[in-house]
Amino acid sequence: MKKRILVANRGEIAIRLIRAIQELGYEAIAVYETPDEMSRHIRIADEAVLLGDGPRCDYLNIEKVIRAAKRSEACAIHPGYGFLAENPYFAKACEKTDIVFIGPTSDIIANLGNKVVARQIMAEAGIPMVPGTQTLKQGREGLAEALDFAGHYGYPIMLKATSGGGGRGIRRIESDAEMKEQIPIARAEALAAFNDDSVYLEKVIVNPKHVEVQILADSHGHTVHLGTRDCSIQRRNQKLVEIAPSMIKDKKLIDEICETAVRAAKAARYLNAGTVEFLIDQDMKYYFMEINTRVQVEHTVTEMITGIDIVRNQINIAFGKPLSFTQDDVQIRGHAIEVRINAEDPKNDFMPEGGKKVSVYRSTGGFGVRLDGFVYQGYIIPEVYDSLLVKLTVHGFTWDETVGRLKRCLQNFAIRGPKTTIPFYMNIANEKDFLSGDFDTSYIETHPHIFYYDEDSSEVGKLSRFIAEIQYRGENPFAK
Amino acid sequence: MTRIIQGTPVEDIVKTLRTAKGYYITNTARDQSQSDFKNRILLHTDLMAAEQRDRAGYFSLEITGGASIHVDILRKQVDPFLKLRKLREGMPHTMFQTLCRGVNLFGYRPYPQNIIRFTVREFAKYVDVWRTFDFLNHVPNMHAVFEEVAKAGKLNEPCICFSTGPEHTNEYYVAKAAEIVAVTGQDITLCIKNHGGLGTPKRIGELVDALKQKLPEVPIHYHGHNTDGNDVGRIVEAVRSGATIIDAADSSFSGFYGPPPILTVVQTLKEYGFEPVGLDEEAVIATSEVIRDQRKHYEQFESQIKGFQPTVQIHKLPGGAMGSSLEQAAKGGFLDKMPDILHKELPRVQQELGNYWSVTPGSQILWTTAVSNVLGGERYGNPSGDLRNLLLGKYGPFPFYQPEEWIYQKVLGDDWRRVLAEEGGVEDVPDMDLAHERYALSELIGGEPTDEQLVLYLQHPNDAVEFFKFSEKYGQVYVLPPSIFFHSGGFPIGEKLAFRDHHGKEHMIEIGPTPVNDSGETSVYLIVDHHPSIFNFRAKPVVGQPGEAPVLSKEEILDLAKAGDIRSPFSGKVVEISVEEGQEILVGDRVAIMEAMKMQTPILSEMSGIVTSIFVKKGDSLKPGGKILKIDKNE
């Protein structure tokens with residue numbers, strides 16, 4: 001019997017994982033909750049197991065996922081991103097039941113997931129870091145620590161959940177008064193979200209670039225990096241557009257950042273695929289931020305510029321195989337851009353368009369184009385999950401070529417029914433700071449005009465709506 | 001013998017015309033569309049004919065102005081400016097001509113001076129020949145247009161509106177022409193605007209001759225309609241007597257009330273030794289061939305009554321208003337009353353109201369009054385607001401004589417002398433604050449409007465905004481042929497519709513099935529450029545959308561009115577609410593005025609009582625049966 005791997009996720013990443021599993025000659029087992037019963041990942045997998053009615057709670061239910069793996073005789077589980085991906089208890093449960101967890105060990109996840117522990121490990125290894133505190137003590141003592149730190153470094157200051165990640169559990173503090181007010185709120189929120197109310201502080205780097213390094217580390221002592229990505233184009237710490245490699249022209253600096261990332265991974269005794277995130281301030285100083293212990297949404301851009309299949313390597317590493325290449329074999333070629341096409345209305349504060357039916361879905365193709373999606377014409381977007389429809393990744397030999405390809409692809413995309421972020425990205429792709437590669441995390445705020453666009457710019461789309469009107473009424477109601 | 005090419009300086013145009021051996025032809029496509037197809041000929045059809053029409057060598061193509069600007073945005077959803085740009089691309093040589101109603105521009109009521117000037121400036125970028133008239137032949141009403149056209153370096157073609165009757169002597173018209181030339185100078189073309197197609201060939205010949213004797217340096221442009229079937233005769237006599245330019249149209253779309261066919265005119269005049277300057281007859285024939293096949297798609301807009309109307313000499317309705325008048329009679333169910341209205345009442349009303357010229361907006365006033373006199377019983381019992389304004393002299397002075405006192409009394413009331421003294425006379429409409437209007441429009445469309453958008457908005461505020469919103473939603477629909485645009489009864493499954501969009505890209509839409517699901521939702525399936533698309537329509541059409549509304553019969557509307565529930569008797573716009581809530585009214589009092597197809601109709605109370613609620617406001621559009629207001633019996 002073929003080896004079977006359970007994919008503990010949904011949406012586009014489930015399909016991405018299933019593809020790698022099937023390409024390796026294994027069988028992929030999908031799991032799903034009832035609201036996802038029309039999802040495409042169920043049809044593509046070799047077998048699918050219903051976890052429960054959800055929503056979300058069953059994808060997050062460790063026991064149910066393990067049971068599904070056992071029942072379908074899966075020997076390994078890939079958690080994707082989100083849901084159980086960075087939950088050390090889940091990794092631990094796999095370890096206990098002799099299921100291979102495709103990712104780092106539960107200890108590594110636990111250490112790096114605790115931001116304060118992670119900072120300690122990095123500090124010992126001499127990795128440059130944003131000035132910050134330990135986990136704040138409870139109560140008045142903690143507040144005193146916080147005010148002391150603020151007095152030393154000055155506002156603004158980031159208040160972060162020790163167990164946070166993925167942009168959640170972060171708030172910016174501007175004054176002592178706000179600090180007093182926000183610490184208890186942040187604790188309550190962190191407790192609800194991460195089951196851990198501890199928080200710590202970091203100095204704010206004003207308008208930094210967000211640069212991260214993809215790491216692969218096998219169980220034979222090899223750790224390599226796959227170059228950088230820039231994820232500076234974000235709104236409220238959620239990434240929208242990611243590019244690889246970073247557009248920073250100082251090659252020495254980039255090499256140094258990559259080597260630092262490898263050093264950081266080694267210090268954490270890292271295993272499998274991970275991402276070391278850095279902030280780069282306006283003086284081009286870089287600071288370690290965190291290590292993400294999962295496959296990232298934006299891993300596609302790295303795959304495009306290196307030709308290395310990260311998910312395939314994740315599986316191989318998990319099964320104990322050594323990396324089939326060395327650092328010297330990793331070549332960065334050209335540029336890649338990924339945009340997350342979401343069913344959201346950017347003009348309306350990115351309000352999700354859940355519940356709407358995709359009446360038209362027409363994707364693009366051609367040279368240097370990659371699509372990671374899961375929707376189809378007729379699909380009704382569930383209201384209970386995230387709003388990502390498809391990731392469009394384009395690759396080109398030069399930056400200009402890549403942006404030109406991005407524009408062409410966005411133009412060729414036709415999604416009707418829900419509003420999407422396509423016209424918004426079209427504006428970014430035409431914006432001069434983006435074209436020049438010069439942007440940081442303040443990009444969305446400082447370029448408000450990218451929110452001005454015509455919803456449906458396709459002339460034939462409008463005209464077919466008009467013809468549909470004539471067909472429905474049996475006459476042209478506007479000519480009467 | 002050469003044609004006049006677009007871009008020629010006015011001086012040179014007029015010089016060429018003065019020395020012409022032969023005559024020139026204006027292709028009156030706009031007037032043909034307005035007279036015989038209710039202004040519905042689409043830009044698509046005009047673009048099909050563009051190459052041939054440009055080659056034909058006309059003096060000009062009359063393609064904009066009159067009622068067409070309004071119909072362009074209201075019923076054809078095409079930007080009148082874009083239309084001229086597209087036509088210019090296809091017709092680089094031919095001058096474009098418009099018909100402008102002077103102070104009334106392309107509408108029905110006087111506009112402020114600054115709006116007139118702004119509008120003329122914007123259109124003059126595309127329009128080479130400006131035919132301008134005033135329905136009272138009151139020259140000051142045309143001054144602003146003359147000035148702006150001259151400033152833009154375009155050709156002024158002032159009109160003397162023509163009619164028949166004892167007052168309409170050559171002496172009168174020659175004096176009127178001299179009054180115009182005194183303002184404009186001689187570098188113009190002077191139009192004899194025979195919008196009704198009135199008079200005999202002999203009469204027209206004599207008039208042209210009289211004008212040429214007085215003003216030998218001013219080229220005459222004869223414009224007529226073929227309503228009685230005899231305009232070719234009038235054209236022939238006009239040319240024989242010295243007219244330099246005449247109006248005619250493409251034969252494959254010629255009908256009854258529009259201009260006569262070009263080729264017939266050319267063939268006839270040849271026998272008399274007159275050659276059309278610069279005309280390519282082969283191109284004239286080719287034009288008709290290339291658009292002939294399109295005519296069937298416009299059938300629904302052709303006249304309700306077929307055949308020539310020699311009785312136009314009695315009722316004098318202008319060709320451009322024949323179609324809409326007959327349509328109104330058909331829709332209003334009084335086609336059988338037409339002989340009475342046209343042959344008895346209308347001539348009588350004309351006589352009573354000063355025998356002025358039956359052309360927009362004066363023709364609407366005559367027609368509305370005649371219809372209301374016949375249908376309403378009591379003559380002048382329900383005067384429209386426009387008639388009131390006419391008597392008050394708001395449009396200008398009566399040219400020959402004033403109506404009799406009893407008419408003033410009927411229309412303005414018993415204290416009509418006081419009303420006339422206080423309110424009467426031409427008054428300048430105050431200028432509008434353009435910056436403010438621009439801001440108001442930007443609020444409505446969510447962005448900075450262009451000057452052209454502002455012009456359209458100032459002409460027709462509500463309809464322009466609806467048009468802008470339509471275009472944003474449905475795109476540039478002028479690219480669609482009439483076979484799609486006017487299609488009725490649904491396309492069969494599998495039918496392929498091919499067209500080229502505004503950007504020049506080719507598209508193919510294949511019709512799929514149109515199933516209705518259990519909840520009544522209709523899905524229209526289309527295969528757009530090989531990709532299936534679905535368009536869903538909700539079960540119950542939204543209020544205010546076409547295709548909806550429980551239709552009340554005329555009797556039901558009348559019954560409701562008798563019970564104090566006043567409904568709109570037809571689809572149209574509320575132009576006035578004449579009462580206020582709480583006001584006491586008597587049977588027969590006017591409570592509102594509705595307007596449809598240029599005609600204002602007063603809505604009268606069918607019972608006495610107190611107005612308890614008003615459901616609409618000025619400017620609202622209503623369907624037949626739409627609620628206007630409610631009257632309760634006096635307690």
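These are my notebook entries on two chains, A and B, of a predicted model.

**Ground rules.** I number residues from 1 along each chain as its sequence is written, and chains are lettered from A in the order in which they are written. The model is predicted, so I took local features only at pLDDT of at least 70 and side-chain atom pairs only at pLDDT 80 or more, while totals for chains, interfaces and linings use all residues.

**Entry 1, domains of chain A.** I looked up the division of chain A and found domain 1 (4–102), domain 2 (131–203) and domain 3 (209–459). Such bounds come from an automatic or database domain assignment. The C-alpha centres of domains 1 and 2 of chain A are 35 Å apart.

**Entry 2, helix α4 of chain A.** Helices here are DSSP runs (H or I, at least four residues) and strands likewise (E, at least two), numbered from the N terminus. In α4 (88–96) of chain A, I noted Pro88(A), Phe90(A), Ala91(A) and Cys94(A) as buried. Buried means that 20 or more other C-beta atoms, placed from the backbone, lie within 10 Å of the residue's own. Why do the buried residues of α4(A) line one face of the helix? Seen down the axis, they fall within an arc of 160°, so they line one face; the arc is that of the directions from the helix axis to the C-beta atoms. An α-helix has 3.6 residues a turn, so residues three or four places apart point the same way. The cover over the buried residues of α4(A) includes α3 (62–71) and α5 (106–113) of chain A. Just after α4(A), Asp98(A) has a positive phi of about 60°.

**Entry 3, where A meets B.** How many residues does each chain bring to the contact? Chain A brings 24 and chain B brings 37, with contact meaning C-beta atoms, placed from the backbone, within 7 Å. On the side of chain A, α16(A) gives the most, with 13 residues.

**Entry 4, nonpolar cores.** A nonpolar core is a set of buried Ala, Val, Leu, Ile, Met, Phe, Trp, Tyr and Cys residues joined through C-beta atoms within 7 Å. In the largest, of 120 residues, Val145(B), Ala243(B) and Ile246(B) touch the most other members. This core draws at least three residues from each of domain 1 (10–299) and domain 2 (312–423) of chain B. Apart from it lies another core of 115 residues, including Cys94(A) and Phe439(A).

**Entry 5, domains of chain B.** The C-alpha centres of domains 1 and 2 of chain B are 27 Å apart. Between them, 30 residues of domain 1 contact 25 residues of domain 2.

Conventions: Two residues are in contact if their C-beta atoms, placed from the backbone, lie within 7 Å. A residue is buried if 20 or more other C-beta atoms lie within 10 Å of its own, exposed if 12 or fewer, and partly exposed in between; C-beta atoms are placed from the backbone.
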